[in-house]
Amino acid sequence: MLHAIETTGLIKSFGATRALDGVNLRIRQGSVYGLLGPNGAGKTTTIRILATLLKPDAGSATVLGHDVGRNARTVREKVSLTGQYASVDEDLTGTENLVLVGRLLGFSWRDARRRASELLDAFGLTEAAGRLVQTYSGGMRRRIDIAASLVAIPEVLFLDEPTTGLDPRSRNQVWELVRRIAAEGTTVLLTTQYMDEADRLAERLAVIDHGRVIAEGTSRELKAMVGASALHLRLGRADQRERAQVLIARVLGDGVIPGTDPTAVTARLANPSQAAAVLTALSQDSVDVAEFSVGNPTLDEVFFALTGHSAEHPVENGQS
Amino acid sequence: MTTSVLPNGERIHELFAMHRRPNPPSALSAVGTLAWRAMLKIKHVPFQLFDVTVMPIMFTLLFTYIFGGALEGSPRQYIQYLLPGILVQTVVFITVYTGMGLNTDIHKGLFDRFRSLPMWQPAPLLGALAGDLFRYSVASAMILVIGLILGFRPQGGIVGVLLAVALVLVFSFALSWLWIIVGMLVRTPESVMTTSFIFLMPLTFASDIFVRLDTMPRWLQEVVGRNPVTHLANASRDLMHGEPVGNDVLWVLLASAVIVLVASPIAMRMYRKER
């Protein structure tokens with residue numbers, strides 16, 4: 001099977017900080033692959049190496065069989081990158097940005113203009129085409145940025161945190177875009193900090209922490225490790241927390257996810273209906289439950305389950 | 001996908017179906033396109049031209065009338081000496097904006113996109129420089145116009161003036177490479193400005209732009225006489241006034257060549273390298 005992306009033992013340091021500490025990835029052609037991890041985990045560094053913007057200190061990386069160091073130019077003809085920060089010119093209009101990219105890819109002026117208007121139309125930006133990008137909303141910026149990555153259709157598309165900072169509607173739009181792009185056969189590698197985003201979009205994902213892949217698999221496989229859903233409880237009294245945890249462990253067999261909040265308890269559920277059994281047990285024992293909810297495990301809970309530490313460790317430099 | 005949250009989501013398919021990837025552009029075409037981008041920025045943000053229009057007018061007016069009487073007897077006499085030099089000073093100052101613009105592009109992520117495109121890698125730097133040459137030309141034209149109004153009468157005629165401006169542009173183009181390096185080294189556009197001015201202040205003021213070399217103490221003459229900006233100001237004066245040009249022109253061309261030969265490979269290396 002041909003891999004769109006293959007990396008072996010990627011290592012990259014910035015000064016004293018080791019951003020990547022031996023990253024191994026195999027990404028099947030035509031799939032959507034998610035890199036899930038907190039800020040500073042090494043997601044952006046990985047993507048920048050694959051897009052030929054950074055050279056690894058050690059290890060190898062190939063895109064569609066081409067080495068990103070030795071055959072950088074061939075790789076550049078096959079990939080597009082939409083960075084974490086808008087990689088478009090804010091002082092230009094939407095049309096001008098796309099014509100600029102078209103010309104730099106080698107289109108004639110006429111073809112570049114035609115391509116720009118097709119893209120603006122498909123991305124719902126025709127009305128804003130003549131406006132400077134600095135007047136665009138966050139969602140529109142993201143869309144023009146992704147449009148710029150499709151002026152020439154890439155075989156591999158890199159999306160670095162495509163929905164960070166977007167409102168729910170814009171987020172849904174980007175999700176639909178990613179699905180439609182993948183349906184056309186382009187391999188998509190995206191990074192995200194959101195478990196639900198990885199879950200909705202990616203066939204397979206790698207959880208990355210401190211520059212290492214700590215878990216890899218389909219979303220279902222990862223959930224089996226972490227629990228399909230999570231029960232979040234808010235207790236009325238902090239002194240009942242310990243008793244609540246014991247009761248939950250008795251009902252579920254195991255599953256209490258440790259945390260630091262004195263009135264909060266989180267437990268992983270094999271299926272959501274177990275929540276009822278837990279609540280019943282707690283009320284029979286007069287534990288005061290102020291609030292409860294059942295949802296997807298958050299990134300933090302995934303991290304607790306996989307590593308035993310919280311995802312929110314401080315980031316020292318801007319590279320992640 | 002039954003409900004689409006994108007207004008024309010179904011057209012994404014057409015985008016893929018209609019597409020043919022062209023061959024990568026020639027180096028010249030890539031540079032031309034990026035120069036076009038620089039022109040568009042000037043069109044959309046005309047305030048960018050503020051520095052190259054208002055500042056030259058202000059400099060010329062101020063120095064002509066403040067120093068004119070004391071140095072040459074009258075402002076009209078003095079401007080014959082001052083104008084070619086003030087043109088040099090203004091354009092040399094404006095070269096800093098090359099580094100500031102580059103710094104902004106890098107930190108906004110735009111250069112990541114450029115660098116991931118399959119084009120001739122130096123194109124973004126040369127395209128930006130082409131746009132800057134246009135700005136230098138605008139500044140030169142502004143100074144010449146205000147000079148003519150104030151009584152500047154170049155004896156070398158239009159040819160002499162154009163040759164002088166061309167020489168200033170050559171030197172400024174060379175100098176811009178230094179600010180490109182600074183632009184890649186420091187974090188913010190403001191630091192580019194501060195760092196560059198540490199060099200530019202002595203470079204322009206320790207020259208014979210404002211006063212003649214023979215009025216300075218001997219030790220200072222030794223220093224000022226070796227400043228490339230002094231040679232550039234001398235050469236511009238001689239060309240504009242139709243006087244025989246000495247070694248100054250050669251000196252300026254040599255200095256420019258050295259700067260470009262040393263700085264541009266360093267700049268390109270840094271550009272290709274990671275950030």
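# Salt bridges, a sheet and an interface

Trainee: In this predicted model, which residue's side chain meets that of Arg18(A) in a salt bridge?
Mentor: Look for a nitrogen-to-oxygen approach from the arginine side chain, which here comes to 3.1 Å. Arg18(A) is partly exposed at 44% relative accessible area, and its partner is partly exposed too, at 21%. That partner is Asp21(A).

Trainee: How many residues apart are Arg171(A) and Asp196(A)?
Mentor: Their side chains meet in a salt bridge, 3.6 Å from N to O. The pair links distant parts of the chain, with Arg171(A) in helix H6 and Asp196(A) in helix H7 (residues 195-201) of chain A. Arg171(A) is buried at 17%, whereas Asp196(A) is partly exposed at 24%. Along the chain they are 25 residues apart.

Trainee: And where does Asp285(A) sit, the partner of Arg243(A)?
Mentor: These two side chains form a salt bridge of 2.9 Å, N to O. Arg243(A) belongs to helix H9 (residues 241-252) of chain A, 42 residues away from Asp285(A). Asp285(A) itself is in the loop between helix H10 (274-284) and E14 of chain A.

Trainee: Is Asp285(A) buried or partly exposed?
Mentor: Buried would need a relative accessible area under 20%. Asp285(A) has 33%, and Arg243(A) has 38%. So Asp285(A) is partly exposed.

Trainee: How many salt bridges does the structure hold over all chains?
Mentor: Seven of them are counted between chain A and chain B. One salt bridge joins the side chains of Lys108(B) and Glu90(A), at 3.5 Å from N to O. Over all chains, the count is 30.

Trainee: What is the make-up of the side of chain A that touches chain B?
Mentor: Start with the contacts: 59 residues of chain A meet 48 residues of chain B. There are also 18 residue pairs in polar contact across the interface. Several elements of chain A supply at least two residues each to that side, among them helix H3 (94-105) and helix H6 (168-183). The residues there divide into 27 nonpolar, 11 polar and 21 charged.

Trainee: Which residues of chain A lose the most area to chain B?
Mentor: The two chains bury about 5,000 Å² between them, with 60% of it on carbon and sulfur atoms. On the chain A side, three residues together account for 14% of what that side buries. They are Arg76(A), Leu104(A) and Arg180(A).

Trainee: Which residue of chain B does Thr93(A) touch?
Mentor: Thr93(A) is in the loop between E6 and H3 of chain A, and it counts as buried at 7% relative accessibility. Leaving out residues up to four places away in sequence, its contacts include Ala129(A), Gly130(A) and Arg131(A). From chain B, the residue it touches is His44(B).

Trainee: Which strands stand at the edges of the open four-stranded sheet in chain A?
Mentor: The strand order is E12-E13-E11-E14, with antiparallel pairing. E12(A) and E13(A) pair over two bridges, E11(A) and E13(A) over six, and E11(A) and E14(A) also over six. Each edge strand has a single partner, so one side of each is left without a neighbour in the sheet. The edges are strand E12 (256-257) and strand E14 (289-295).

Trainee: What is the bridge partner of Leu233(A) in E13(A)?
Mentor: Strand E13 (residues 264-269) of chain A is mostly covered, with five of its six residues buried. A hairpin of six connecting residues joins E12(A) to E13(A), and Val256(A) stands opposite Ala267(A). For Leu233(A), the partner in E13(A) is Val265(A).

Trainee: What is the phi of Thr52(A)?
Mentor: Most residues other than glycine have a negative phi. Thr52(A) goes the other way, in the loop between helix H1 (43-50) and strand E4 (58-63) of chain A. Thr52(A) counts as buried at 11% relative accessibility. Its phi is positive, about 70°.

Trainee: Which residues does Ala35(B) contact, leaving aside neighbours within four places in sequence?
Mentor: Ala35(B) lies in helix H2 (residues 27-44) of chain B and is buried, at 16% relative accessible area. Its C-alpha is 9.9 Å from that of Leu133(B), 98 residues apart along the chain. The contacts asked for are Gly127(B) and Ala130(B).

How values were computed. Residues are numbered from 1 along each chain as its sequence is written. Chains are lettered from A and ligands numbered from 1 in the order in which they are written. This is a predicted model: local features need pLDDT of at least 70, side-chain atom pairs count only at pLDDT 80 or more; totals for chains, interfaces and linings use all residues. Side-chain values use heavy atoms; hydrogens and water are left out. Contact means heavy atoms within 4.5 Å. Buried area is the accessible area (1.4 Å probe) that two parts lose on being put together, summed over both. A salt bridge is a side-chain nitrogen of Lys or Arg within 4 Å of a carboxyl oxygen of Asp or Glu. A polar contact is a pair of N or O atoms within 3.5 Å; within protein, one must be able to donate a hydrogen and the other to accept it, and residues adjacent in sequence count only if both atoms are side-chain atoms. Ala, Val, Leu, Ile, Met, Phe, Trp, Tyr, Cys and Pro count as nonpolar, Asp, Glu, Lys and Arg as charged, and the others, Gly among them, as polar. Buried means under 20% relative accessible area, exposed over 50%, partly exposed in between (1.4 Å probe, protein chains only). Two strands pair if DSSP finds at least two bridges between them.
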